[in-house]
Amino acid sequence: MCSININDPEHPLSLEELNVLEQVRVRVNDQENAVSVEFTPTIPHCSMATLIGLSIKVKLLRSLPDRFKIDVHITPGTHASEEAVNKQLADKERVAAALENAQLLEVVNQCLTSKTV
Amino acid sequence: MLKSVFQDTHVQSLMIQERSCVYNILINLMESRQQELKGLGSDFVFGFVQSMDGERDPRNLLLAFQIAQKIIVGGYEMGKFTEELFEVTSCYFPIDFTPPPNDPHGITQEDLILSLRAVLTGTPLFAEFLMPLIIEKLDSDVQSAKVDSLQTLAACGPVYGHKELSQFLSGLWSSLRREVFQTSSERVEAAALSALTSLTACLSRSIITSDSDDALHTLLQLVLTDCQHHLLEPDLKLVWPSAKILQAVAGASYRAHLRVGTAVMPLLLEQYINRTQSTQRRTLLEVLQGFVQPSEASRPAEGEECVLLPFQSSLCSVVFSALTETGAGLQITATRILSALGQQTGVLTPHDVELAVDHLTTLILQEDDPQVSGAVVECCGSLAPRHPAAFTSRMLPKLKECIFTERMVQGDSVAPAELGSHNAVRQRCVTALARVACERSLVQESSPVLLDVLTAAHTGRDSFSVDEVISVCHSLQRIAEHAPHMEAEIGQFFHDVIIPRLLGLAVQAVVQDEGSCGRSPLAEEAVLSVVAPVISSSCSRLNADCAASSASRVVSLFLHGDVAFLPPTNIPLLKTPFLQVSQLVCLLTACVCSLPQSVEIPEIDRLLEELEEVSCTHTHSFTHTSAAKCYAGLINKRPSGPALDTALERSVKRASAELDNSASCLRTQALTLLLWVTKGLLLRYHPLSSALTDKLFSLLSDRSLGPLVADGFALLMSDSPDVLNRGCHADVRIMYRQLFFSENSAKLVQGFNSAPPEEKAGYLKALSHIMNNLPRQVQLTELPALLPLFLEALSCPDGGVQLSTLSCLQPVLLDPPAPLTNQMEALIPRLLTLTTSPAMKVRIAALRCIHSLSRLPDHMMLPFRARVLRALAAPLDDKKRLVRKEAVQARGEWFLLGSPGR
């Protein structure tokens, strides 16, 4: 599984460096074409949780073959509104609609821009 | 004239061009009529301020800033208009400028920032206005404004003195402190720290009168008060920001280093002793490391004491205790501190040095973490030159003992793990021996140990494996390359001891019968290939006498079987020496082809004859290739004249005859010789090289040799590690590759065009080998003419051609010239096809090219975006992980193309 390099929108370090994303919480099942990623916001009321989740989802959508079903959700018990956020992230239409919003897309792309030029 | 310009024209109401005119007039006048302008006094400045007020055009701003700089630097009197001049320029600070697209003038934000900065920081007279401005702008939320302010502050340091800064110190300090303690960006933090360093350096330089405060003292007091106590906190939360600040300040000057060091070192050392938790100790040690190495600016001058001296003994005891801990991080940091301490005179007492060496030895023998042992070896390498005696007496004997300790071998009952760890220890000892041999006595003590290993391996004693033998040779080579050969004694030692022993072992190995122990490892091709560089590295560095002596000894060995100079053994006298030791031709090459051109090789004509014979007739590939290389190496340096011509004529005739005879089974040998001779000649611009190159071209169409010839062009153009390079004192003329290319590219293109389809690949391969080795500038200029060939090459079925074309193209794609950008429609589909090629390397190279393309201007690449994204979906599922990785990167970048937020 490729290691993800996503920038935190508010911090100079990447999600991996902040332990928001950990390898142990990423599960890949190649035969059943399923990928599941759990992420842990830094604080329980993190307002950026949806954005971070969306960035992870977009990165996976762009980096994995079409055959994979992608599930991104918050590590249980680590966020105040995890149910609501998980529901949004699981809804394909809402994700697609979000990415049509130019401003939102801009922020997501900034998170996904690689630092090595 | 000026009066009328200033009085009668209202500059800002003119058009852009006309305003530029006015500014240019001013600039010219300042250059030609400086005296008169200065005579106008501060009225000139006033007039200029009025002209500039409200200027918006970037080009004009640059001109205006230039004038302002000249005013400040040129000593024009500003008088009561100083503040006005400051106001009219500082209103643009901090610059926030986005160049319009397709800007023909190419003015960047950076240009404006730097130009304005030169104005604002140009004179101490602005200090009273600039400092408050900076403090205000530092409060801004915009990161670039903060960075600009900090960098401007740093630029003030060299220009100002303590008078200008002293009243602003506390304001500046609280802003700077905030920027480091609450930083949200590395850039801001770094800028703040360098501003702090600059300020401290400025204050350190100031000369204080008896009645003024020591501003440096004031600043340091502020800093220490706010930062010191964080070093004592139980959970060390703010240790790093405080440490970085203290280190930035200490690195500014010796005075600052002394003051900070005196305050901070005892605290840190005490903390280390009191805290026992490993992670805390590691943090403290890493903080300590930052204070131990003085920077350029804070190095003590002649007669000044090293800052660390008062704490010398507690520092050493902390370091030694850390070396014995079990945390890798702790140990590595400790070794680095030890190296830093060793570099400063007087910090390590002789007793400390001995203790250090003992610790390091223990670590080498017992510590198997590769990072730690790497750090330990580094430390040894840095301490050894200064304290050779301690290493010779304490470390080397223990390492030697470890290497030669017999394992308890009882039949097959040695556990593999035990065997593995013993080998690992031996390996570490060998590496350490090589690294410390950077001084005469150390070389003389450690290299015999390594040679003893080779001898032991040769006689079958102690069961050293072939791999271990090879690593010992690598170590010897390292010594040869890095030992300061300027010391004549080291060179002499190589000449007297090391080279003869190596040759002696090799000769014995090939001459003796395969006895009960089997074949000696020293006769293996793999081992000989690593012994040769040792001889080559050392011979290339010998002084004139030793070089001449080595040459005559080695030639005499090969031509006459003269073994007198070898260590005494019972090698029987060789009857037909050259043939008997022909396997060792690579060692002959290593010696005679690495000597400076001034050294005359004895009996060279006979040598050339023998080499020609071996290279044309021997069936063992390693041997006949080595002979060809030796031949080429010699004729490359041979002075022009009838002797050289005769030899060349003879060998070329022989090789050609063999090549023309398609039934011969020695054609490969002849080709090898031809290739190497051509290389040797073209490096020195010898006229015969053209004829030989033409012969090679003609062979491209040969059924059996064609592919070999095509690859041979790589040999011609690339750097060869063992012969015919500058390290071996070969005659290598500058720009020989460009010359070769310009003389032959037309022939290649013509040959390609007229060749039948099955032979085109050979021409393409040859061409791409040549192109790959050209300097980038030349590649770019030659590319247009060869573009059709390259595009054709991408469609060529031969994987080797595809790969070399792709690797040639990829760097060019990062900044392609116009002819290439016009061909995108032809290029991109071909690249996409290659991403599914059967060869992994081709897939990876193609994906990298596509990745490079994503960097081109959006308007050029957008038409291809959809196609590329679709096509790159397949490589995401490639069965090879490396290919998938490249595909993810490329596809990710193409997604961002033309999207907001890129």
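## Salt bridges within helices

A salt bridge is counted here when a side-chain nitrogen of Lys or Arg lies within 4 Å of a carboxyl oxygen of Asp or Glu, and helices are runs of at least four residues assigned by DSSP and numbered from the N terminus. With these terms in hand, we can look at the structure shown above, which is a predicted model.

In helix H30 of chain B, which covers residues 604-617, Glu610(B) and Arg606(B) are 4 residues apart, about one turn of the helix. These two residues form a salt bridge in which the closest N and O atoms are 3.7 Å apart. Glu610(B) has a relative accessibility of 24% and therefore counts as partly exposed, and Arg606(B), at 36%, also counts as partly exposed.

A similar arrangement can be followed in helix H16 of chain B, residues 278-292, where Glu286(B) and Arg282(B) are again 4 residues apart, about one turn of the helix. Their salt bridge has its closest N and O atoms 3.0 Å apart. Glu286(B) is partly exposed, with a relative accessible area of 24%, while Arg282(B) counts as partly exposed at 40%.

## Salt bridges between separate parts

Other pairs reach from one helix to another, and one of them is the salt bridge in which the side chains of Asp660(B) and Lys695(B) meet, with 2.9 Å from N to O. Because Asp660(B) lies in helix H32 (residues 642-660) of chain B and Lys695(B) lies in helix H34 (residues 688-699) of chain B, this pair ties together parts that are 35 residues apart in sequence. Asp660(B) counts as exposed, since its relative accessibility is 53%.

Salt bridges can also share partners, and in this way Asp139(B), Lys146(B), Arg178(B) and Glu179(B) are joined into one network. Over all chains, the count comes to 36 salt bridges by this rule.

## Where the two chains meet

The contact between the chains takes 15 residues from chain B and 17 residues from chain A. The area buried between chain B and chain A is about 1,400 Å², and carbon and sulfur atoms give 56% of that area.

How many salt bridges does the rule find across the interface of chain B and chain A? The rule finds 1 salt bridge there. A salt bridge with one partner from each chain is formed by the side chains of Arg67(A) and Asp877(B), at 2.6 Å from N to O.

## Chain B as a whole

Chain B has 44 helices and 0 strands, and its C-alpha atoms fill a box of roughly 100 × 75 × 60 Å, taken along the principal axes. Of the 902 residues in chain B, 54% are buried. Among its contacts between residues at least 6 apart in sequence, 74% join residues at least 24 apart. The chain exposes about 39,200 Å², of which carbon and sulfur atoms supply 54%.

## The nonpolar cores

The largest nonpolar core holds 315 residues, and those that touch the most other members are Ile71(B), Met131(B), Leu338(B), Leu587(B), Leu611(B), Leu634(B) and Phe713(B). Helix H25 of chain B, residues 488-511, gives the largest share of this core, with 13 residues. A second, separate core of 24 residues includes Val35(A), Val72(A), Leu89(A) and Leu112(A).

Leaving out residues up to four places away in sequence, Leu611(B) touches Phe578(B), Val585(B), Leu588(B), Ala627(B), Cys630(B), Tyr631(B) and Leu634(B).

## Buried residues and their surroundings

Leu806(B), in helix H39 (residues 799-813) of chain B, is buried, with a relative accessible area of 0%. When residues up to four places away in sequence are not counted, the residues touched by Leu806(B) are Leu794(B), Leu831(B), Leu834(B), Val842(B), Ala845(B), Ala846(B) and Cys849(B).

Helix H6 of chain B, residues 82-90, has Thr82(B), Leu85(B), Phe86(B), Val88(B), Thr89(B) and Ser90(B) as its buried residues. Among the elements that cover them are helix H4 (42-52), helix H5 (58-73), helix H7 (109-120) and helix H8 (127-138) of chain B.

## A nonpolar patch on the surface

Nonpolar side chains also appear on the outside, where Tyr685(B), Ile734(B), Met735(B) and Leu739(B) make a nonpolar surface patch of about 400 Å². Met735(B) lies in the loop between helix H35 (706-717) and helix H36 (736-754) of chain B. Because exposed means over 50% relative accessible area, Met735(B), at 53%, counts as exposed.

Notes. Residues are numbered from 1 along each chain as its sequence is written. Chains are lettered from A and ligands numbered from 1 in the order in which they are written. This is a predicted model: local features need pLDDT of at least 70, side-chain atom pairs count only at pLDDT 80 or more; totals for chains, interfaces and linings use all residues. Side-chain values use heavy atoms; hydrogens and water are left out. Patches are made of residues with over 30% relative accessible area and no salt bridge: like charges are joined within 9 Å, nonpolar side chains (Val, Leu, Ile, Met, Phe, Trp, Tyr) within 5 Å. Accessible areas come from the Shrake-Rupley method with a 1.4 Å probe; for residues, only the protein chains shown count as cover. Helices (H or I, at least four residues) and strands (E, at least two) are DSSP runs, numbered from the N terminus. Buried means under 20% relative accessible area, exposed over 50%, partly exposed in between (1.4 Å probe, protein chains only). A nonpolar core is a set of buried Ala, Val, Leu, Ile, Met, Phe, Trp, Tyr and Cys residues joined through side-chain atoms within 4.5 Å. Contact means heavy atoms within 4.5 Å. Buried area is the accessible area (1.4 Å probe) that two parts lose on being put together, summed over both.
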